[in-house]
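Got your viewer open and a selection box ready? Let's walk through this one stop at a time, picking things out as we go.

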Amino acid sequence: MAFSALAAGIPVPLAVARTNLIGFRAVSRGLSENHEVAEGYSARVIIRWGDRVATGAASFNPDELTADTQSKQFGYNNDFIAFMPLPASSDNSSRGLLCVNHEFPSAPLMWPGVAEAELSWAQTQVEMAAIGHSIVEIERSHGVWRQAKNSRYNRRITTSGTEMRLAGPAAGHARLRTSADPKGTRVVGTLANCAGGVTPWGTVLIAEENFQAFFGGSPRRNPEARAYQRYGLADDPIFVSWPKYSRRFNLEAEPHEPNRFGWIVEIDPYNPNMIPVKRTGLGRFKHEAATVALTADNRVVVYSGDDEVDEYVYRYVSHGRINPSNPLPHGDLLDNGILYVARFDDDGSLRWLPLLFGVSPLISENGFDSQADVLIETRRAADLVGATPMDRPEDVEVDPRTGSVFVLLTGRSDTLRLQPSAANPRKRNPFGHIVELRPPRRNGVADHGADSFEWGIYLLAGNPNVDSDGAFYPGPVDTDGWFINPDNCAFDGRGRMWIATDGPSEEVGFANALYAADTMSREGPRRFFSAPRGAEVTGPALTPDLETLFVSVQHPAQDSDYHSPSTRWPDFRGPPRPSVVAITKQGGGIIGT
């Protein structure tokens with residue numbers, strides 16, 4: 001039996017005693033040029049696009065953007081955040097490394113009077129330097145967070161300047177070889193980095209998401225045409241200048257180059273000399289996250305969503321086991337294991353389907369000649385085994401108290417679902433929903449390696465007071481608590497879920513925000529932090545003492561331009577600047593209580 005009863009086709013969560021873990025007064029919904037945070041809290045920008053990162057970096061000058069200066073400065077459109085305490089393996093909450101993804105550039109907001117199609121080669125090189133990842137040492141003094149200048153840990157990882165190693169079953173395969181890398185084992189850069197995760201051995205996993213947006217050419221005249229189509233590569237990509245100027249992003253010149261993106265990248269923030277590694281064992285798709293858990297017998301599990309309508313939810317399980325007492329890296333555990341995709345059955349049961357070469361239908365007759373082929377074309381493999389298409393699966397996170405796994409589905413804004421299912425019950429779902437998965441327990445511990453889970457719908461987003469929205473929440477929700485388009489989330493040490501949204505804020509009349517919810521008591525959601533106009537809130541992360549909450553404010557003033565942006569946040573002079581905000585309680589204390 002599933003853990004929840006079926007009522008009107010919607011699994012209803014079990015009632016749990018209230019614990020009252022959420023103690024702040026909600027922020028009122030609305031639109032503003034500035035951010036807003038709950039009463040009694042302070043939200044300060046700690047680092048912005050263009051701020052110095054690497055030693056010797058120049059000061060930010062929006063009138064003189066160059067690839068060299070940008071490669072040493074904080075990148076654009078920051079997303080995922082990990083706070084990694086210093087020293088390593090400690091729970092220090094006053095000093096640490098801020099590890100931040102940079103997902104994509106926004107040319108109309110970076111340069112005056114320039115559209116993406118009009119960029120020069122020099123400007124394109126700035127874009128390549130503006131995305132990737134930043135590692136910045138920060139410290140808290142008298143309650144205020146600041147950058148630690150000239151730290152040996154500070155560095156930028158970019159699309160054009162950082163060499164990476166390919167590892168796992170697909171490394172060295174012919175479909176990963178290029179003229180610059182005839183062995184298929186090295187690749188320069190990472191891009192479209194969205195969410196991510198942290199490993200038990202102290203490394204950071206960053207997810208390559210919408211990589212197709214940077215490649216162009218003629219995908220039809222190409223041996224990889226079938227794979228291109230499944231991943232959405234087109235003649236004219238969003239970032240049209242990249243294939244125009246750079247051979248490696250031109251599909252006709254380098255047909256295998258796209259196969260070297262769409263992976264999970266492992267970075268050791270404590271070791272600046274470590275070459276980042278693309279772990280091909282985790283599959284290739286538009287990864288939204290890389291959330292790590294352990295099985296009951298200490299095998300490593302990595303959860304991830306494929307961020308597109310009618311795509312799937314995945315789980316990787318290692319063959320080997322982690323030694324919790326061994327501080328040495330265990331990254332090789334990410335190379336040897338099994339990748340699974342989820343099938344949600346209408347009775348509330350979930351089956352993890354293995355993606356293994358040689359097991360029908362993943363055989364030569366269907367175009368798979370090795371496990372490398374299965375991983376390079378993960379989407380097509382998932383199609384064939386019968387996975388459940390979902391309403392744009394994004395973040396996948398684990399509740400540390402219960403072991404439940406929460407899948408955030410942003411929704412389907414433009415397409416109609418022809419055949420709704422219990423897991424995706426709305427034909428038209430512009431608002432998104434959240435699904436809860438419950439692994440079985442083994443010796444009192446959630447077993448994330450089990451073949452079967454139970455599942456239920458945690459909430460259906462939208463306005464609960466509008467019947468046509470079809471919204472459903474696990475408990476009472478106030479006027480400012482309901483939301484649309486859940487995107488990513490984080491659980492804190494007390495088990496509260498912090499939900500970030502990414503919806504059409506200008507159209508609905510209120511900004512994207514960060515909400516708090518207690519999944520056990522079914523309390524919340526409650527609006528805690530509101531973004532400025534045009535922005536989304538991403539990457540929530542907390543310090544171990546739960547006294548600081550970091551959030552990314554991505555693409556402020558989106559859908560406007562350099563000359564007349566909808567906001568000039570956060571400086572209110574010059575262009576808007578994506579930034580990381582540190583939120584603390586006035587007078588100190590645990591966030592959210």
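Before the first selection, one definition: two strands count as paired if DSSP finds at least two bridges between them. Also keep in mind that this is a predicted model.

**Stop 1: a hairpin**

Select residues 486–491, which is strand β29, and then residues 496–501, strand β30. The two run antiparallel and are joined by five bridges. Color Ala490 and look across to β30: its bridge partner there is Trp498. β29 and β30 make a hairpin with four residues between them, and Gly495 in the turn has a positive phi of about 90 degrees. Is β29 covered or not? Mostly covered, with six of its six residues buried.

**Stop 2: another hairpin**

Now go to β7 (residues 132–141) and β8, an antiparallel pair held by four bridges. Show Ile138 as sticks and you'll find its bridge partner, Gln147, in β8. Two residues sit between the strands of this hairpin, and His142 has a positive phi near 55 degrees.

Stay on β8 (residues 144–147) and color by face: Trp145 and Gln147 lie on the covered one, Val144 and Arg146 on the uncovered one. That matches a general pattern, since in a regular strand the side chains alternate between the two faces of the sheet.

**Stop 3: an enclosed helix**

Select residues 121–130 for helix α3; seven of its ten residues are buried, so the rest of the structure largely encloses it. Which residues of α3 are the buried ones? Pick out Gln123, Thr124, Val126, Glu127, Met128, Ala129 and Ala130. To see what covers them, switch on α1 (67–70), β6 (95–102), α2 (107–110), β9 (155–158) and α5, which are among the covering elements. Just past the end of α3, Gly132 has a positive phi of about 120 degrees.

**Stop 4: the nonpolar cores**

The largest nonpolar core holds 66 residues, and Leu191 and Phe214 have the most contacts inside it. Center on Phe214 and show what it touches beyond four places in sequence: Glu103, Phe104, Pro105, Ile131, Leu191, Ala192, Pro237, Phe239, Trp242, Pro243 and Phe249. Then jump to a second, separate core of 27 residues, whose members include Val313, Trp455, Ile457 and Leu460.

**Stop 5: a histidine in a loop**

Next, His256, in the loop between α5 (241–245) and β14 (264–267). Turn on distances: its side chain reaches the backbone oxygen of Ala174 at 3.2 Å. Apart from neighbors within four places in sequence, His256 is in contact with Ala174, Arg175, Leu176, Arg177, Thr178, Glu224 and Tyr228.

**Stop 6: a four-stranded sheet**

Zoom out and find the open sheet ordered β4-β35-β34-β33, with antiparallel pairing. The edges are β4 (41–48) and β33 (536–542); each has a single partner strand, so one side of each lacks a neighbor in the sheet. On average, neighboring strands here are turned by 25 degrees against each other, direction ignored. Select β35 (residues 579–585) alongside β4: seven bridges join this antiparallel pair. Val45 stands opposite Val581 in β35.

**Stop 7: salt bridges**

How many salt bridges are there? The count comes to 44. Here are a few to click on:

- Asp51 and Arg48, with 3.1 Å from N to O. Asp51 is buried, at 11% relative accessible area, while Arg48 is partly exposed at 22%.
- Arg186 and Glu163, with 2.9 Å from N to O. This pair links distant parts of the chain, 23 residues apart: Arg186 is in β11 (residues 186–188), Glu163 in β10 (residues 163–167). Arg186 is partly exposed at 32%, and so is Glu163 at 43%.
- Glu254 and Arg247, with 3.3 Å from N to O. Glu254 counts as buried at 7% relative accessibility, whereas Arg247 is exposed at 51%.

For the last selection, type in Arg230, Lys286, Asp306, Glu308, Glu311, Arg379 and Asp383: together they are linked in a network of salt bridges.

Key. Residues are numbered from 1 along each chain as its sequence is written. This is a predicted model: local features need pLDDT of at least 70, side-chain atom pairs count only at pLDDT 80 or more; totals for chains, interfaces and linings use all residues. Side-chain values use heavy atoms; hydrogens and water are left out. A nonpolar core is a set of buried Ala, Val, Leu, Ile, Met, Phe, Trp, Tyr and Cys residues joined through side-chain atoms within 4.5 Å. Buried means under 20% relative accessible area, exposed over 50%, partly exposed in between (1.4 Å probe, protein chains only). Contact means heavy atoms within 4.5 Å. A polar contact is a pair of N or O atoms within 3.5 Å; within protein, one must be able to donate a hydrogen and the other to accept it, and residues adjacent in sequence count only if both atoms are side-chain atoms. Axes are lines fitted to C-alpha atoms, for helices over the stretch in contact, and angles run from 0 to 180 degrees between N-to-C directions. A salt bridge is a side-chain nitrogen of Lys or Arg within 4 Å of a carboxyl oxygen of Asp or Glu.
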